[in-house]
Amino acid sequence: MTGSGLPAERLSLVDLLDRLLAGGVVLSGDITLRIADVDLVRIDLRALISSVDARVPSPWEE
């Protein structure tokens, strides 16, 4: 008994990536380089990662 209430199922990395890409993943983050309370560089990151199939075609021409 694991005690966490979750099934004791082991996933390989390939299976985990397959499940994540099937539904899509959104990555979001902010990076700020600051020296002496002065913002020098600020980067806002937003990315959507998902699989491409016949229902959702690739944005690049073949």
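**Positive phi and a nonpolar patch**

Me: Which residue just after H1 takes a positive phi, and of about how many degrees?
Reply: The model is predicted: local features need pLDDT of at least 70, side-chain atom pairs count only at pLDDT 80 or more, and totals for chains, interfaces and linings use all residues. Residues are numbered from 1 along each chain as its sequence is written, and side-chain values use heavy atoms, with hydrogens and water left out. Helices (H or I, at least four residues) and strands (E, at least two) are DSSP runs, numbered from the N terminus. The residue just after H1 is Gly 24, with a positive phi of about 95°.

Me: Where is Ala 36, and is it buried or exposed?
Reply: Most residues other than glycine have a negative phi. Ala 36 is not a glycine, yet its phi is positive, about 55°. Ala 36 sits in the loop between strand S1 (25-35) and strand S2 (38-49). Buried means under 20% relative accessible area, exposed over 50%, partly exposed in between (1.4 Å probe, protein chains only); at 70% relative accessibility, Ala 36 counts as exposed.

Me: What is the relative accessibility of Asp 37?
Reply: Asp 37 is found in the loop between S1 and S2. Its phi is positive too, near 60°. Asp 37 counts as exposed because its relative accessibility is 68%.

Me: How many residues of helix H1 are buried?
Reply: Helix H1 spans residues 13-23, 11 residues. It lies largely in the open, because the number buried is 0.

Me: What is the relative accessibility of Leu 11?
Reply: Leu 11 is found in the segment before H1. Leu 11 counts as partly exposed, because its relative accessibility is 39%.
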